[in-house]
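Open the model in your viewer and keep the sequence panel beside it. We will go from stop to stop, selecting a few residues at a time.

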Amino acid sequence: MAETVALDPVDLQILRLLQNDARTTYRDLATQVGVAPSTCLDRVTRLRRSGVILGHELRLDPAKMGRGLEALLSVQLRPHRRELVVPFVERIRALPESRSLFHLAGPDDYLVHVAVADTADLQRLVLDEFTSRREVARVETRLIFQQWACGPMLPPVHGGAPVG
């Protein structure tokens, strides 16, 4: 299990603001949290070095890029062995249609979020890239009608104080 990092209220406020807009300048961030810009820079640098901040990400609209249909594919492998899992994961991660891949516990081994042009493209993807693989026992497809981003991720609060 990963070691947690101690975060004080200023760190939490910095993280909340950066999650809402990662392009916020250090000067604006410092003003909003009530510290000097140099202090803010030091804190963000510490949060990066400690692994709390993993990077920055550009989000694209799949529909505007010709991939207007999104789906979740539940995949079960047979058998679930490392020599089959590693090439499967590498291939699925390399597919341009793949948005994210989750390794699961339970009846399904993987959940794959994909974005495709239409139902024919989804059928092609499932048949050519999933069910045609010898290690894939079953694929179940669920269409995504709508998706919402959720609020910023902050540490759990126990007894009124953040854990960390």
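A residue counts as buried when its relative accessible area is under 20%, as exposed when that value is over 50%, and as partly exposed in between. Keep in mind throughout that this is a predicted model.

**Stop 1: A71**

Select A71, which sits in strand β1. Is A71 buried or exposed? Its relative accessible area is 0%, under the 20% cut-off, so A71 is buried. Now show what surrounds this residue. Leaving out residues up to four places away in sequence, A71 touches V112, H113, V114, L122, T141, R142, L143 and I144. Pick L143 from that list and draw a C-alpha to C-alpha distance to A71: the two are 4.3 Å apart in space, although 72 residues separate them in sequence.

**Stop 2: D108**

Next, move to the loop between β2 (98–103) and β3 (110–116), where you will find D108. With a relative accessible area of 15%, D108 is buried, because the value is under 20%. Which residues is D108 in contact with, once its neighbours within four places in sequence are set aside? They are S74, V75, Q76 and R138. Keep R138 selected for the next stop.

**Stop 3: salt bridges**

Side chains of opposite charge can pair when their charged atoms come close. How many salt bridges does a search of the whole structure find? The total is 13, and a few of them are worth a visit.

Start with R138, whose side chain meets that of E140 in a salt bridge, at 3.1 Å from N to O. Both partners are partly exposed: E140 has a relative accessible area of 33%, and R138 has 29%. While you are looking at charged pairs, select D8, D11, R43 and R46 together; salt bridges that share partners join these residues into one network.

Then go to helix α5 (residues 119–131), which holds both R124 and D121. These residues are three apart in sequence, about one turn of the helix. They form a salt bridge in which the closest N and O atoms are 2.8 Å apart. R124 is partly exposed at 30% relative accessibility, while D121 is buried at 17%.

For another pair, select D21 and R23, whose side chains meet in a salt bridge at 3.7 Å, N to O. Here D21 is partly exposed, with a relative accessible area of 34%, and R23 is exposed, with 75%.

**Stop 4: two helices**

Two packed helices are described by the angle between their axes and the distance between the axes. Colour α2 (residues 26–33) and α3 (37–49) in two shades. They pack at an angle of about 100 degrees, with their axes 8 Å apart. An angle between 65 and 115 degrees counts as roughly perpendicular, so that is how α2 stands to α3. To see the contact itself, show side chains for Y26, R27, L29 and A30 on the α2 side, and for P37, C40, L41, V44 and R48 on the α3 side.

**Stop 5: a patch on the surface**

Finally, switch to a surface view and follow the chain into the loop between α3 and β1 (69–77), where L58 lies. L58 is exposed, with a relative accessible area of 74%. Add L60 and M65 to the selection: with L58 they form a nonpolar patch on the surface, with about 360 Å² of accessible area together.

Technical notes: Residues are numbered from 1 along each chain as its sequence is written. This is a predicted model: local features need pLDDT of at least 70, side-chain atom pairs count only at pLDDT 80 or more; totals for chains, interfaces and linings use all residues. Side-chain values use heavy atoms; hydrogens and water are left out. Patches are made of residues with over 30% relative accessible area and no salt bridge: like charges are joined within 9 Å, nonpolar side chains (Val, Leu, Ile, Met, Phe, Trp, Tyr) within 5 Å. Accessible areas come from the Shrake-Rupley method with a 1.4 Å probe; for residues, only the protein chains shown count as cover. A salt bridge is a side-chain nitrogen of Lys or Arg within 4 Å of a carboxyl oxygen of Asp or Glu. Helices (H or I, at least four residues) and strands (E, at least two) are DSSP runs, numbered from the N terminus. Buried means under 20% relative accessible area, exposed over 50%, partly exposed in between (1.4 Å probe, protein chains only). Axes are lines fitted to C-alpha atoms, for helices over the stretch in contact, and angles run from 0 to 180 degrees between N-to-C directions. Angles under 35 degrees count as roughly parallel, over 145 as roughly antiparallel, 65 to 115 as roughly perpendicular and the rest as oblique. Contact means heavy atoms within 4.5 Å.
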